[in-house]
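The exercises below are meant to be worked through with the sequence and the model side by side. Try each task before reading its solution.

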Amino acid sequence: MSHQTPTAAQAAGPARPRVLSGIQATADSFHFGNYLGALRQWVDLQEDYQPFFFIADLHALTVPQDPKALRERFYRCAAQLIAMGIDPDRSALFVQSHVPEHTQLTWVLECITGFGEARRMTQFKDKSAKEGESAASVGLFAYPILQAADILLYRPKYVPVGEDQRQHLELTRDLAQRFNHRYKKTFPLPEPYILKSTGRITDLQNPTAKMSKTNSSASGIVEMLDEPKVSAKKIRSAVTDSQAQVRYDDEGQPGISNLLTIYSALTGTKVADLEQQYAGKGYGDFKGDLAEVVVDFVTPFRDRTNELLDDRAELDGVLRRGAEQAREVASRTLAEVYDRVGLVRPTL
């Protein structure tokens with residue numbers, strides 16, 4: 001299994017390789033942890049690949065949701081993806097539930113997945129260990145198989161992954177191989193696209209922990225749709241240490257190291273250059289400048305997102321067109337799968 005990030009040279013040629021990725025709409029706003037860590041790299045994929053990006057609303061149902069909040073978050077997610085640079089003319093941007101082939105292929109894959117195999121997957125295993133199996137839904141149990149269907153429907157060359165998704169991609173590859181062996185070669189094996197490391201973005205108040213929507217306090221997380229002055233205040237109030245030297249030392253100075261990572265990611269300035277720039281200066285100067293950088297960065301993003309949210313009809317149109325593009329590919333894949341397992345196609 002290759003673990004190399006594809007190069008532009010590999011992507012050259014008339015038919016651009018497909019990439020596939022999705023995000024759950026379970027929060028009101030992207031935060032620096034998920035945006036700087038992975039999401040912004042989706043934009044670069046549009047240059048050399050044929051991207052399919054989807055909002056995983058079906059996956060969100062594996063835990064209880066408030067229907068009204070989920071519907072609003074779905075629009076907020078779509079608007080933020082466009083505001084950050086996803087171009088609907090270059091990428092198929094769509095909602096998972098708008099392409100019924102996702103759940104149709106899931107059933108076929110569930111029928112070739114072993115019970116023990118599914119039981120070992122991380123989400124179900126962790127929740128069962130903490131709360132007992134009765135606390136985990138059948139949806140959570142089958143979540144990784146739906147994720148495999150999400151991927152295999154589009155027969156992508158690459159799937160952007162972080163470490164937490166590696167197990168799911170391995171299951172996807174296993175199911176593809178099993179289907180190909182049992183029936184006929186149908187699915188190419190998707191390869192991981194290893195996202196360029198920005199460095200882990202950590203909690204502003206607890207810099208040894210990952211910045212996370214579920215585990216971070218309000219003051220420890222930078223929400224991209226917050227009022228910019230709120231985000232600036234969080235930066236200025238971020239935990240540092242008593243050494244008062246602006247230098248990167250992940251173990252000895254995790255707080256200032258995290259802020260250096262954020263500064264570097266937002267400006268493209270190397271951490272070593274930032275260390276030199278702030279040599280002899282205190283944390284106050286550094287955090288004040290970073291607060292201004294953050295305001296300059298989030299303000300246009302927030303303005304563009306709100307502009308898009310004011311025109312829901314246009315957002316609906318973008319997502320409808322994206323779903324149409326996705327279904328052109330997904331329906332062909334599903335038709336082949338149905339033929340190969342022996343299902344009879346309906347006659348119209």
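**Exercise 1.** In this predicted model, find which residues of α6 meet which residues of α15, and then work out how the two helices lie relative to each other.

*Solution.* Begin with the residues themselves: on the α6 side, E101, Q104, L105 and V108 take part, and on the α15 side they meet R327, A330, S331, L334, V337, Y338 and V341. Sorted by character, the residues of this contact fall into 7 nonpolar, 2 polar and 2 charged. Next, turn to the geometry: α6 covers residues 101–110 and α15 covers residues 312–341, and they pack at an angle of about 25° with their axes 10 Å apart. Because angles under 35 degrees count as roughly parallel, α6 is roughly parallel to α15. The last step is the handedness, and here α6 passes α15 in a left-handed crossing.

**Exercise 2.** Take A330, which is found in helix α15, and decide whether A330 is buried or exposed.

*Solution.* The relative accessibility of A330 is 0%, and therefore A330 counts as buried. To see what surrounds this residue, leave out residues up to four places away in sequence; A330 then touches V99, E101, L153 and Y154. Of these partners, consider Y154 separately: A330 and Y154 are 176 residues apart in sequence, yet their C-alpha atoms are 5.9 Å apart in space. For the chain in general, residues 24 or more positions apart account for 75% of the contacts with a separation of 6 or more.

**Exercise 3.** Compare two further helix pairs, α5 with α14 and α9 with α10, and state for each pair what the angle implies.

*Solution.* Start with α5 and α14, which pack at an angle of about 130° with their axes 8 Å apart. These two helices are therefore oblique to each other, and their crossing is right-handed. On α5 the residues involved are Y75, R76, A79, Q80, I82 and A83, which meet F301, R304, T305, L308 and L309 in α14. The residues of that contact divide into 7 nonpolar, 2 polar and 2 charged.

Now take α9 (residues 138–152) and α10 (residues 166–182), whose axes come within 9 Å and cross at roughly 70°. Since angles of 65 to 115 degrees count as roughly perpendicular, α9 and α10 are placed in that class. Their crossing is right-handed. The contact is made by Y143, P144, Q147, A148, I151 and L152 of α9 together with H168, L169, L171, T172, L175 and A176 of α10. Its residues comprise 9 nonpolar, 3 polar and no charged.

**Exercise 4.** Locate the largest nonpolar core and say which helix gives the most to this core.

*Solution.* The largest nonpolar core has 62 residues, of which F30, F32, L81, M84, F286 and L290 touch the most other members. The helix that gives the most is α14 (residues 283–309), with 10 residues. Apart from this core lies another, of 35 residues, among them V108, I112, M121 and L175. Returning to F286, and leaving aside its neighbours within four places in sequence, one finds contacts with V246, I256, L259, L260, Y263 and Y278. F32 can be followed into helix α2 (residues 32–39), whose buried residues are F32, G33, Y35, L36 and L39. The buried residues of α2 pack against β1 (18–23), α3 (41–48), α5 (67–83), α12 (254–267) and α14.

**Exercise 5.** Two residues, A56 and S212, lie in loops; determine for each whether it is buried or exposed, and what it touches.

*Solution.* A56 sits in the loop between β2 (50–55) and α4 (57–60). With a relative accessibility of 3%, A56 counts as buried. Residues up to four places away in sequence are not counted, and A56 then touches I23, Q24 and Q96. A56 and A25 are 31 residues apart along the chain, while their C-alpha atoms are separated by 6.8 Å.

S212 has its place in the loop between β5 (191–194) and α11 (228–236). Its relative accessibility is 14%, and because buried means under 20%, S212 counts as buried too. Leaving aside neighbours within four places in sequence, S212 is in contact with H31 and I221.

How values were computed: Residues are numbered from 1 along each chain as its sequence is written. This is a predicted model: local features need pLDDT of at least 70, side-chain atom pairs count only at pLDDT 80 or more; totals for chains, interfaces and linings use all residues. Side-chain values use heavy atoms; hydrogens and water are left out. A nonpolar core is a set of buried Ala, Val, Leu, Ile, Met, Phe, Trp, Tyr and Cys residues joined through side-chain atoms within 4.5 Å. Buried means under 20% relative accessible area, exposed over 50%, partly exposed in between (1.4 Å probe, protein chains only). Helices (H or I, at least four residues) and strands (E, at least two) are DSSP runs, numbered from the N terminus. Contact means heavy atoms within 4.5 Å. Axes are lines fitted to C-alpha atoms, for helices over the stretch in contact, and angles run from 0 to 180 degrees between N-to-C directions. Angles under 35 degrees count as roughly parallel, over 145 as roughly antiparallel, 65 to 115 as roughly perpendicular and the rest as oblique. A crossing is left-handed if the near helix is turned anticlockwise from the far one by less than a right angle, and right-handed if clockwise. Ala, Val, Leu, Ile, Met, Phe, Trp, Tyr, Cys and Pro count as nonpolar, Asp, Glu, Lys and Arg as charged, and the others, Gly among them, as polar.
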